[in-house]
Every structure is written in C-alpha cells, then in structure tokens.
Amino acid sequence: DGEVHINELKNGNAEMFWNPTSEVRRQRLKRHIVLFEEQMDFESERLWQHVSSAINKGDQHKATQEKFVLEEEQRNATRERRENGTEWKPLLFQHDATTNEWHYKYEDLRPWDPLNDIAQFEKNGILQTMERHLPTGMSNHKTTCINNQITLHKRSAKDCRRRKTSDQPSNHSQNTESSCSTPESVQELSDDDGKYLGFESLCAQCGKEMNHLKEIHSAVLSLQRAQQDIHR
C-alpha cells in the first residue's frame, strides 16, 4: 500500500518504482480468509502465527527460532512415517518426477470467460469456477430436443420441395415458393431460433429448465448491482 523505491547503491540515487494512489488502493482485491478460531492446526495463519508475530515486532531472532521449531516438527514427522512404513499421500499436490517439483492438482489455467464464468472460489482447498451454462445432462437433453426439431423441419422442407418438383411450374407455384423455403444454415441456434425456423416449442422439461436458468441469471444480476451499490 505504500511507496516503493529503487536505491542504486553505486551512486546513491533513489528512483520511485511504485506509488499506489488512493484509487489503486480502492480497486485492489479484497482479502478473504477463514476466521483464526475456525482454522485447523496446519492452516498457514495458525501454523505460522508465532513466526508472523515475531516478524511484526521486528524480532528477527525470535522469528528464526520459531521457524526452526516448525521445521524440526516436520522433520520428526517425516522420520516417524519412514520408520513406520507410512506413505504420505498429499491431498492437493502431486509430484512431477521429471522436474522434481510439486504442482497443485486443481489448478485452472484456462482463460477467464466473462460470458460464461461467474465467479471463482476455493472450497476445501479445491479451486472451482461457477459457470452460467447448464449442467451436462440438461445441455444434452436440450441439444437432443433441438436436433429432433431440426430433423422434423428438414423433412418437412424436403417434402415441400418434392411436391414442387412433381408439379409443373406455374405462376401460382412460383409466387408461393417462399412459403416452402428453408434457411441455408441451422447449425447455430439461439433461444428464439426455433420460432424463426417454424419449430414447435421445446419440450416441457427444456422450457422449465430455461425459465429456471433465467431466474438464476436475474438473481445474479441483482447481486452484482447490489455489490456495485455497496462499492460506490
């Protein structure tokens, strides 16, 4: 939150490297942690509390001692597991034998999708993303329902063309040809495309799920507006 300077030891020059304005401070991410009294013994704030306290007091010697105590406890625990033949199985990290490095199992490196991703959160050490799209089962059902409507529409259009080719062309048939025309592409459909293509309405389950999704979306928008009001 404060100024950071670069001090050139050779010539004694000092250069401003970072100077956060009040606007920058207001826009920073909020820090959310579990209450100290609710933390388990091996969570960082509780585990390192004595080291942190010594650092905040400026007592480097005390901080070093407390750090040594923690490291010795870890070494003793490792030694006991080795003697008892107990295998250590990390819950959240996995070892890469090639690089000899540990990696978080649930890291999410894909780009953030503002149209689909609502929020990212951590639960029991597992990083998760809340998304807007329907669950897989609902999406598959909706896709099947739409594909069935597309098949019916194509079949109807095909029958219409067959009737036109079987009849001799006439002025009347040429003038009414547009009534049997079919769009060139039906690969991408929006919620209203079914009406445009002359489809019947989606099945009752799809309609119910779509209404439920709209209610959730409205609730999310309401929460976002409330957050913006609180921020202001």
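1. A word on terms to begin with: helices here are DSSP runs of H or I with at least four residues, numbered from the N terminus. By that reading, T78 is found in helix α4. Please keep in mind throughout that this is a predicted model.

2. Let me stay with T78 for a moment. Is this residue buried, exposed or in between? T78 is partly exposed, its relative accessible area being 32%. If you want a distance to check in your viewer, try T78 and W88: they sit 10 residues apart in sequence, and their C-alpha atoms are 8.7 Å apart in space.

3. Now the overall layout. The protein chain contains eight helices and six strands. Going along the sequence, their order is β-β-α-α-α-α-β-β-β-β-α-α-α-α. The chain has 232 residues, and 12% of them count as buried. As for contacts between residues at least 6 apart in sequence, 24% join residues at least 24 apart.

4. Confidence deserves a look before you use any coordinates. The mean pLDDT of the protein chain is 76, with 68% of its residues at 70 or more. Over residues 167-201, the pLDDT is below 50, and this stretch has 28 contacts in the model beyond near neighbours in sequence.

5. The chain opens with a hairpin pattern that is pleasant to trace. Strand β1 (residues 4-7) pairs with β2 in the antiparallel sense, over four bridges. Within this pairing, H5 stands opposite M16 in β2. Six residues lie between the two strands of the hairpin, and in the turn G12 has a positive phi of about 80°. Why does β2 lie largely in the open? Strand β2 covers residues 14-18, and the number buried among its five residues is zero, so the strand lies largely in the open.

6. On to the pockets, starting with the largest, whose volume is about 1400 Å³. Its lining counts 29 residues, and F42, E43, S44, L47 and L92 lie nearest the centre. The elements giving two or more residues to this lining are α2 (44-47), α4 (60-84) and β4 (101-104). Which element supplies the largest share? That is α4, with six residues. By class, the lining of the largest pocket divides into 15 nonpolar, seven polar and seven charged residues.

7. The second largest pocket has a volume of about 710 Å³. It is lined by 16 residues, of which H32, I118, A119, Q224 and Q227 are the closest to its centre. Both β5 (117-123) and α8 (204-231) supply at least two residues of this lining. Helix α8 gives the most, with six residues. The classes here are seven nonpolar, six polar and three charged.

8. One loop residue to finish with: N116, found in the loop between β4 and β5. Is N116 buried or exposed? Its relative accessible area is 17%, and since buried means under 20%, N116 counts as buried. Which residues does N116 touch, leaving aside its neighbours within four places in sequence? N116 is in contact with M130, E131, R132 and H133.

Terms used: Residues are numbered from 1 along each chain as its sequence is written. This is a predicted model: local features need pLDDT of at least 70, side-chain atom pairs count only at pLDDT 80 or more; totals for chains, interfaces and linings use all residues. Side-chain values use heavy atoms; hydrogens and water are left out. Buried means under 20% relative accessible area, exposed over 50%, partly exposed in between (1.4 Å probe, protein chains only). Two strands pair if DSSP finds at least two bridges between them. On a 1 Å grid over the protein atoms alone, a cavity is a set of points where a 1.4 Å probe fits but cannot get out, and a pocket is an open set with protein on both sides within 12 Å along at least five of seven lines; lining residues have an atom within 4 Å of a point. Grid points are joined across faces, edges and corners, and a volume is the space filled by probe spheres set on the points. Ala, Val, Leu, Ile, Met, Phe, Trp, Tyr, Cys and Pro count as nonpolar, Asp, Glu, Lys and Arg as charged, and the others, Gly among them, as polar. pLDDT is the predictor's confidence in each residue, from 0 to 100. Contact means heavy atoms within 4.5 Å.
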